[in-house]
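Student: Could you take me through one part of this model in detail? I'd like a close look at a single helix and what surrounds it.

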Amino acid sequence: MLVLGYRPDWQQQLRDTCAAEHLRAGRHDQIPLREIQKATDELFSGQRTLFWSRRTLPNTTEGDVLLVSQLQRSKDEFPIHEVGLIACFHVLTYDQARGQLLSIIPNAKVSQEFFDLRTPVYLQCLILANQIRNDDVCSDFEAKAARELLKLVQETTTTCPTIWTAVKVVGKTHREALLPVEFITEVVKRNHYREILQGELKMIRRSRRWSQAYALVHGLRDVVGIPEAAQLLPNVLSNYAMWASWRPNTTRVSLWDNKSLSTYRNQLRALLDLEGPDHTGQQRGTLRHSELATAALLNSHDSSFAEHLLGTFDQAVLAGPEAVRLFVLLCVQGSKPSAQSLEQVNAVLELGHEPSNKSFSNLVESLGAKGTVYDRMEAITSTLPILQSSPRLQKSLGQRMDLGSRGPSAFTDAQKEFVSLLLKRKATERLALKVRGFGYALLQATCFHPQWQPAYIDMLKRIPSDMEIEAVFLAMQSSQGVERQTHVDFLAGRLGSSVRRGQPPPSFPEGVVIQDPIWSAEIDFDRSCFRDAIRRVRIIDHSLATSCLKQSMSENSFFVCEVKDIIVDDTDLVCVNLASFLGPRVASGRQVHECWRRLLLHMMRQRPLGLLDRCAEQLWPRSYQSWLENLRHLYGDRHLGQQGGLGFTPEKMIMIGRSLSTGTYATTSTGGV
């Protein structure tokens, strides 16, 4: 049919766009569809046929003739011909559109270079045909297959792509195939897909990351039953029967991607293999369903034991890295897993506490050949309180690991190590406190006491407290000779159970002051500043300083800061100012703790002789009288005479008072301490 009035520059309009460039580069999503479709729509503007006085309409036979004539002009111009076909999809009839797609299927017999050039362009045409015609010319199924093959030929992904939809499409298409088996086979072969896929699966099998393997092959099961795909599968995967029968627990294999397994993945390879494919040739759902494999790996024909083992392992992975470590120590290292080892793991996991998992992992490791005396001491110390609270743990771990005997044995080793270092002057306070903590843990573990002699329990009860140990170590820093030996004998005898022959266990050394914990405790800023200030008070009794520091915790911050600011100096005025701060509080009926009265009295006693005279000379008479009045509010007459220890007497105070009132006072010594 002769068509009049067509536009001769349609191909040039297509060349002027960037569509061909995007198509060559695999960027079908960036092709300017609206622009090239507009150029096609303009072909129908004002067209008339020779025999009828009417316009040529799209999606008609006459329209197809018009468009095909235009496409024929660019048939040998790649990829403008394909761009033109894309520009016509929306106005071609179904038969013509599909026929045009079939006509551009790359020929498998052409050269590698020519095939590789045309294949990605053709696949993009299928994808765009589906996008433009909405599952008409190219179905969603075929478009998905085209996307899979496009990923393969473009090599745009770092991971191995899957093409199971492309394989499945071979048996699903009931009309002339847009993706014939010969074409797909050639794409797979020329892009070495089988080698790529098998290489990827080989690496995955080596690392036992089954979730990644499942992502690659899970579509295979839907393909093996399609007769038309039989000739294609060997070109995709050589051992496809093994992978097609694989039915792992997907939740489990996803869980096993947890980072906590990274350290132990190689040690766990036999266990991880149980959820992998059956490589024995039995084609079971997983290797754990194969009797041959479970008998070799687990020394058991009981499939329920394999499931129990994997279930326990799953719980360990969920619990955290220390739980995985415990599982490896009890069920993997050294021997094959058993019902007993699984019970031990489950008893610990029942606590639901990751620090406890760590404690028991350390315990199991410390009791091994590589464990040191320090490892055993710390591990048993941390686990005994947990064992004491759990009858299940006492039975599964305490009894089966014989901690009733191994605990005291480890404690004896720790005592010997401490005494040896103590005699060499190398023992530290930190080690002593750890040994003491070990002994206390044994004393509190009453579940094991029926196994021990009463004398052994009495020895544990005589172990000194933390404060006693700290006080003796502090005293040892400045002691020499016999005095130091007394301290060493106490620590060796009471903490190390090493007593000089023929002598009873030593008592606490005389003259050693036990430091109250408050001196090292975490306290707020104001109290911490007060603690530093009272430490610097000259020759203060430790018990008085401790009493003041403890009382500061009950006083308000204003009171504490005022006292701190006063006592930082070492002058006569400190005594006046502290009395001036405390005295009015007593006079107004407010409580002033006895420790503050004792602190003021101590500071006055530490001043040089003549405090009363110097204050009378330095203060205004009114201030001097006010100071004396404050002292009376605080002490009554307890600060006077011999009991006061200040050299203050009523007679002397009266004499100084008269002199001040007459202005005839002359400084004389008041005595004092």
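Student: At 1.5 Å a residue, what should the 21 residues of helix 24 span, and how far apart are its end C-alpha atoms?

Tutor: Bear in mind that this is a predicted model, so everything below is computed from predicted coordinates. With 21 residues at 1.5 Å each, helix 24 should span 30 Å, because the expected span is 1.5 Å times one less than the number of residues. Its end C-alpha atoms are 30 Å apart, which agrees.

Now the ends. Ahead of helix 24, in the loop that comes after helix 23 (391–399), sits D402. D402 isn't a glycine, yet its phi is positive, near 55°. Its relative accessible area is 36%, so D402 counts as partly exposed. On the other side, helix 24 is followed by R425, and R425 has a positive phi too, near 65°. For background, most residues other than glycine have a negative phi.

Next, what's tucked away along the helix? The buried residues of helix 24 are L403, G404, G407, P408, A410, F411, A414, Q415, F418, V419, L421 and L422.

That list is handy when you turn to the partner, helix 25 (residues 429–444). The axes of helix 24 (residues 403–423) and helix 25 come within 10 Å and cross at roughly 155°. Angles over 145 degrees count as roughly antiparallel, so that is the label for helix 24 against helix 25. The crossing of these two, helix 24 and helix 25, is left-handed.

Who touches whom? From helix 24 come G407, P408, A410, F411, A414, Q415, F418 and L421, and they meet L431, A432, V435, F438, G439 and L442 of helix 25. Sorted by class, the contact of helix 24 with helix 25 has 11 nonpolar and three polar residues, and no charged ones. Put the contact beside the burial list: F411 of helix 24 meets helix 25, and F411 is also among the buried residues of helix 24.

For a second pair to set beside this one, try helix 21 (residues 354–366) and helix 22 (residues 373–388). Their axes come within 8 Å and cross at roughly 135°. That angle makes helix 21 oblique to helix 22. The crossing of helix 21 and helix 22 is left-handed. On the helix 21 side the contact residues are S356, S359, F360, N362, L363 and S366, which meet D375, R376, A379, I380, S382, T383, I386 and L387 in helix 22. Its make-up by class is six nonpolar, six polar and two charged residues.

While we're on backbone angles, two other loops deserve a look. Q283 lies in the loop between helix 16 (269–273) and helix 17 (291–298). Its phi is positive at about 55°, and Q283 is not a glycine. Since its relative accessibility is 47%, Q283 counts as partly exposed. The other loop, between helix 4 (61–73) and helix 5 (80–88), holds P79. There, a cis peptide bond joins F78 and P79, with omega about 0°.

One last stop, for a buried histidine: H602 lies in helix 33 (residues 594–605). With 11% relative accessibility, H602 counts as buried. Leaving aside residues up to four places away in sequence, H602 touches V537, R538, I539, I540 and L544.

Definitions and conventions
Residues are numbered from 1 along each chain as its sequence is written. This is a predicted model: local features need pLDDT of at least 70, side-chain atom pairs count only at pLDDT 80 or more; totals for chains, interfaces and linings use all residues. Side-chain values use heavy atoms; hydrogens and water are left out. Axes are lines fitted to C-alpha atoms, for helices over the stretch in contact, and angles run from 0 to 180 degrees between N-to-C directions. Helices (H or I, at least four residues) and strands (E, at least two) are DSSP runs, numbered from the N terminus. Angles under 35 degrees count as roughly parallel, over 145 as roughly antiparallel, 65 to 115 as roughly perpendicular and the rest as oblique. A crossing is left-handed if the near helix is turned anticlockwise from the far one by less than a right angle, and right-handed if clockwise. Contact means heavy atoms within 4.5 Å. Ala, Val, Leu, Ile, Met, Phe, Trp, Tyr, Cys and Pro count as nonpolar, Asp, Glu, Lys and Arg as charged, and the others, Gly among them, as polar. Buried means under 20% relative accessible area, exposed over 50%, partly exposed in between (1.4 Å probe, protein chains only).
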